[in-house]
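Thank you all for coming; I would like to walk through one model this morning, going from the overall picture to the charged residues and then to one helix. Please have the sequence and the structure open while I talk.

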Amino acid sequence: MTEDVARRYQDLDLWPPEEVLMALLEAQLRAVAALWPALPALKKAAVEAAARMRQGGYLVYAGAGTSGRLAVLDGVELWPTFGFSRVRYLLAGGEKALLEAVEGAEDDLEGGLALGRSLGERDVLLAVAASGRTPFTLGVLRGAKARGALTVALANNPGAPLLAEAHHPVLLLTGPEPIAGSTRLGAGTAQKVALNLFSTLVMVLLGRVYGNRMARMRAQNAKLRARGAALVQELSGVSQEEALALLEVYPEPALAALVALGLEPGEALALLEAKGVRGALAEVGR
């Protein structure tokens with residue numbers, strides 16, 4: 001469906017600019033709406049993914065072209081936002097493909113298989129492909145699945161091989177694009193939203209959020225230090241000055257708060273990893 005030529009847009013190049021924009025926006029809204037029926041699959045996948053990653057597994061993103069770049073965009077935010085660093089990227093064409101097209105890389109089934117076999121049983125593979133049949137991405141999924149990794153697939157075409165072979169298939173039914181085959185439009189928007197929902201829920205399930213605050217973020221600029229200090233104060237009862245001083249040494253609010261409450265840094269970090277923020281605070285009577 002992502003390759004179909006939609007009759008509705010067949011004279012798009014002749015439309016007035018405002019009508020082109022309205023049509024593009026309409027397609028974007030339709031793409032976001034495609035997430036509603038996908039929510040049960042995303043929830044099931046996130047719950048099982050969190051269980052694997054709680055054992056020390058990695059979250060591994062795989063894709064080619066636009067899908068691969070969107071996957072990387074999601075993954076790189078997990079460290080500054082949630083303090084989560086066990087992330088890998090398997091991108092067709094490697095790092096070079098982030099900034100330019102690497103011709104033929106997405107067709108490398110064997111290369112994908114080899115990379116997928118580098119995963120283990122505690123790891124979670126998140127494979128993204130609009131068509132759901134990109135050889136490289138399919139190869140990564142097959143290789144990872146053979147090694148016992150949990151596999152989650154996002155694709156925009158029903159019946160796609162990627163969905164058929166994944167443990168957790170997530171269909172994002174966005175249909176034909178306003179510009180035929182340009183999946184950076186509706187399909188890409190739906191993928192970005194789905195990635196955002198999935199990874200955020202996984203981080204919540206791993207206990208890396210306290211209430212609705214980023215308790216394990218990296219407080220590495222003035223705005224984030226002020227935000228983090230307020231949370232350290234709330235969690236530990238220290239002054240703003242003490243909280244800011246702690247964040248200079250331990251730039252993660254939850255860790256800084258536990259140190260303020262008397263734990264050694266190593267002990268505090270181990271407790272956060274094992275119990276999550278709320279569980280760690282409960283251990284010290286907060």
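Before the first figure I need one definition, namely that a contact here means heavy atoms within 4.5 Å. With that in hand, and bearing in mind that this is a predicted model, we can say that among contacts in the protein chain between residues at least 6 apart in sequence, 67% join residues at least 24 apart. The secondary structure of the chain amounts to 12 helices and 5 strands, and the C-alpha trace spans about 65 × 50 × 35 Å along its principal axes. Of the 286 residues, 49% count as buried, while the chain exposes about 13,500 Å², of which carbon and sulfur atoms supply 55%.

Let me turn to charge. The protein chain carries 29 positive and 30 negative charges, and the mean positions of these two sets are 6 Å apart. As a general point, side chains of opposite charge can pair when their charged atoms come close. If we count a salt bridge wherever a side-chain nitrogen of Lys or Arg is within 4 Å of a carboxyl oxygen of Asp or Glu, the count comes to 12 salt bridges.

I will take three of these in turn, beginning with Glu 234 and Arg 213, whose closest N and O atoms are 2.9 Å apart. This pair links distant parts of the chain, since Glu 234 sits in helix H9, residues 222-236, and Arg 213 in the loop between helix H8 (186-205) and H9, 21 residues apart. Glu 234 is partly exposed, with a relative accessible area of 44%, and Arg 213 is also partly exposed, at 31%.

The second pair is Glu 273 with Arg 216, where the closest N and O atoms are again 2.9 Å apart. Here too distant parts of the chain are linked, with Glu 273 in helix H12 (residues 265-283) and Arg 216 in the loop between H8 and H9, 57 residues apart. Which of the two partners counts as buried, and which as partly exposed? Glu 273 has 35% relative accessibility and therefore counts as partly exposed, whereas Arg 216, at 2%, counts as buried.

The third salt bridge joins the side chains of Glu 252 and Arg 218, at 3.4 Å from N to O. Glu 252 lies in the loop between helix H10 (240-249) and helix H11 (253-260), and Arg 218 in the loop between H8 and H9, so the pair ties together parts that are 34 residues apart in sequence. Both Glu 252 and Arg 218 are buried. Salt bridges that share partners then join Arg 86, Arg 208, Arg 216, Arg 218, Glu 252 and Glu 273 into one network.

Arg 218 also has a neighbour that is far away along the chain, namely Pro 80: their C-alpha atoms are separated by 5.0 Å, although the two residues are 138 apart along the chain. Pro 80 is placed in helix H4, residues 78-82, and at 33% relative accessibility it counts as partly exposed. Leaving aside residues up to four places away in sequence, Pro 80 touches Met 217 and Arg 218.

Now for a charged residue without a salt bridge. Asp 74, which is found in helix H3 (residues 65-75), is buried, and the nearest side chain of opposite charge, Lys 192, is 4.3 Å away. Apart from residues up to four places away in sequence, Asp 74 touches Tyr 61, Lys 192, Leu 195, Asn 196 and Ser 199.

On the surface, by contrast, Glu 103, Glu 106, Asp 107, Asp 108 and Glu 110 gather in a patch of negative charge. Within that patch, Glu 103 lies in the loop between strand E2 (87-91) and helix H5 (109-116), and it is exposed, with a relative accessible area of 74%.

Finally, please look at helix H11, where 7 of the 8 residues are buried, so that this helix is largely enclosed by the rest of the structure. What do the buried residues of H11 pack against? They pack against H9, H10 and H12, and among them are Pro 253, Leu 255, Leu 258 and Val 259. Just after H11, Gly 262 takes a positive phi of about 110°.

How values were computed
Residues are numbered from 1 along each chain as its sequence is written. This is a predicted model: local features need pLDDT of at least 70, side-chain atom pairs count only at pLDDT 80 or more; totals for chains, interfaces and linings use all residues. Side-chain values use heavy atoms; hydrogens and water are left out. Patches are made of residues with over 30% relative accessible area and no salt bridge: like charges are joined within 9 Å, nonpolar side chains (Val, Leu, Ile, Met, Phe, Trp, Tyr) within 5 Å. Accessible areas come from the Shrake-Rupley method with a 1.4 Å probe; for residues, only the protein chains shown count as cover. Lys and Arg count as positive and Asp and Glu as negative; His and the chain ends are not counted. The place of a charge is taken as NZ of Lys, CZ of Arg, CG of Asp or CD of Glu. Helices (H or I, at least four residues) and strands (E, at least two) are DSSP runs, numbered from the N terminus. Buried means under 20% relative accessible area, exposed over 50%, partly exposed in between (1.4 Å probe, protein chains only).
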